[in-house]
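Student: I'm new to this one, so could we go through it together with questions and answers?
Tutor: Sure, let's have it up in front of us.

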Amino acid sequence: MTDSPYFTFEHEMLREQLQRFVAREVIPHADAWEQDGATPRSVLRKLGELGYLGMRYPEEYGGSALDTLASVVLAEELGRSGYGGFAITVLVHTDMASPHLANAGNEEQLARYMPGVIAGEIITAVAVTEPDAGSDVARIRTSARREGDDWVINGSKMFITNGVHADLYFVAARTDPDARGSRGLTIFLVEKGAPGFSVGRTLDKMGWRSSDTAELVFNDCRVPRANVLGEIDGGFYAVMQNFQNERIVLGAQAMGEARRAIELTLDYVRQRKAFGGTLWDKQAVQQRLARCAAEVEAGRQLVYYAAWLDARGNDCVKEVSMVKAYCGELVNRVMYDCQQFHGGFGYMREAPIERMVRDARVQSIGGGATEVMLQEIAKRM
Ligand SMILES: Cc1cc2nc3c(=O)[nH]c(=O)nc-3n(C[C@H](O)[C@H](O)[C@H](O)COP(=O)(O)OP(=O)(O)OC[C@H]3O[C@@H](n4cnc5c(N)ncnc54)[C@H](O)[C@@H]3O)c2cc1C
């Protein structure tokens, strides 16, 4: 039994194990990964060996069939490492890309890829965004046309996380050129090395430096018919469905990052001497950090509630959109205050809070910008 209405003893054990993993396997090495621009494969394999990459997937493939709240624990604790780039590398694989396979894969596709995905031997990426289509997914122009037993894909994708180092890509393409808007999109499985598929530019980012991000190019990329994932022309629905889990997880990651920032800042202001005491003696500092702590607690509870609804199979688009809008903005406000109380040191590259400020910025943009999320809420009001 636990005191939480949402988490079981198993979830709490998972949280403790992840905290130990982060302390031992992430914190001592992650500055080097930031320099390298990617999280090493060996770390993903270790996560796989320990069962963290298959928590949501069936036991027959090596998973442990846990629920949305397990993903929340994973995202919170990886976020709490303070290295957003490391966290997103893992979370895109576990909760944003590979769910496409789990939700829509046929028996053959699942048998072929799922064991490797769960073991961390096949790393996945999801390729929806294009240079001219981001928030408005219905504007996707990458096309796929039928040629005999193959499909031929043409176009490009932008800002793709794990884009450089993935082995398997879930690519959204327009299969019905006459269909308007959200109709006529299909998801394809594209393996690294498929003829006509190449990784274009590696993108140089403000934050999330230990996550690799790339542009992808499809130039008469030929994939067999067996690589269609789910229903032909049903891809828009698949993307929208997967966005729910993705946004819950992004909210949880943001709240993990915010908690870490508050912890770091408390340590700092309690030892920093000024005006005859410490910074923590100042009521203005206490109140702003207390407000941050209260808001982050509210954000966490909203994440938990949305995850609980999702785990029960309830429609929760409104609550999930609230999670993404609220947590994506809140993490930035918290980072601002925490950096402020670090003074000049907080502006230095050596200060963890400096990296965390940069990492947080994308949380109100990627995976559903705040304004788009607010529209989703408004539609349901
Ligand atoms: C680091 C990083 C990693 C990413 N990883 C992936 C990935 O792995 N796979 C993938 O497919 N994509 C990925 N993305 C893309 C990301 O999801 C998009 O950037 C995001 O959806 C916004 O799209 P856009 O950049 O085209 O902005 P646009 O759609 O051009 O919007 C720009 C801004 O306009 C405002 N806006 C947009 N629509 C509205 C509206 N309806 N009302 C009011 N304001 C609006 C918002 O403020 C928004 O930020 C990643 C992006 C980044 C930065």
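Tutor: One definition before we start: helices (H or I, at least four residues) and strands (E, at least two) are DSSP runs, numbered from the N terminus. Also keep in mind that this is a predicted model.

Student: Okay, so where does V128 lie?
Tutor: Look for two strands, β1 at 124–127 and β2 at 143–147. V128 is in the stretch that joins them. The place you want is the loop between β1 and β2.

Student: Is V128 buried or exposed?
Tutor: The cut-off for buried is under 20% relative accessible area. V128 has a relative accessible area of 12%, so the word for V128 is buried.

Student: Which residues is V128 in contact with, leaving aside its neighbours within four places in sequence?
Tutor: Contact here means heavy atoms within 4.5 Å. G234, 106 residues along the chain from V128, has its C-alpha atom 14 Å from that of V128. The residues in contact with V128 are V137, I140, K157, I160, A172 and V239.

Student: Zooming out, how many helices and strands does the chain have?
Tutor: The C-alpha atoms fill a box of roughly 80 × 45 × 45 Å along the principal axes. The secondary structure of the chain comes to eleven helices and ten strands.

Student: What is the radius of gyration of the chain?
Tutor: Start from the chain length, 381 residues. A compact globule with that many residues would have a radius of gyration near 21 Å. The chain agrees with this, because its value is 21 Å.

Student: What percentage of contacts between residues at least 6 apart in sequence join residues at least 24 apart?
Tutor: As background, buried residues make up 54% of the 381 residues. For those contacts in the chain, the share joining residues at least 24 apart is 74%.

Student: How far apart are the centres of the positive and negative side chains?
Tutor: There are 43 positive and 51 negative side chains in the chain. Take the centre of each set, and the separation is 5 Å.

Student: Which residue meets R80 in a salt bridge?
Tutor: The chain has 28 salt bridges in total. The R80 one has an N to O distance of 2.8 Å, and the partner is E263. That pair links distant parts of the chain, 183 residues apart: R80 is in the loop between α4 (68–79) and α5 (84–104), while its partner in helix α7 (residues 235–271) is E263.

Student: Of R80 and E263, which counts as buried and which as partly exposed?
Tutor: The line between the two classes is at 20% relative accessible area. E263 has 26% relative accessibility, so E263 counts as partly exposed. R80 has 18%, so the one that counts as buried is R80.

Student: Which helices hold R333 and E295?
Tutor: R333 forms a salt bridge with E295, with the closest N and O atoms 3.4 Å apart. The two residues are 38 apart in the chain, and the helices are α9 (residues 317–341) for R333 and α8 (residues 283–311) for E295.

Student: And what is the relative accessibility of E376, the salt bridge partner of R380?
Tutor: In that pair the closest N and O atoms are 2.9 Å apart. R380 counts as partly exposed at 36%. E376 counts as buried, because its relative accessibility is 19%.

Notes: Residues are numbered from 1 along each chain as its sequence is written. This is a predicted model: local features need pLDDT of at least 70, side-chain atom pairs count only at pLDDT 80 or more; totals for chains, interfaces and linings use all residues. Side-chain values use heavy atoms; hydrogens and water are left out. The radius of gyration is taken over C-alpha atoms; the globule rule is 2.2 Å times the number of residues to the power 0.38. Buried means under 20% relative accessible area, exposed over 50%, partly exposed in between (1.4 Å probe, protein chains only). Lys and Arg count as positive and Asp and Glu as negative; His and the chain ends are not counted. The place of a charge is taken as NZ of Lys, CZ of Arg, CG of Asp or CD of Glu. A salt bridge is a side-chain nitrogen of Lys or Arg within 4 Å of a carboxyl oxygen of Asp or Glu.
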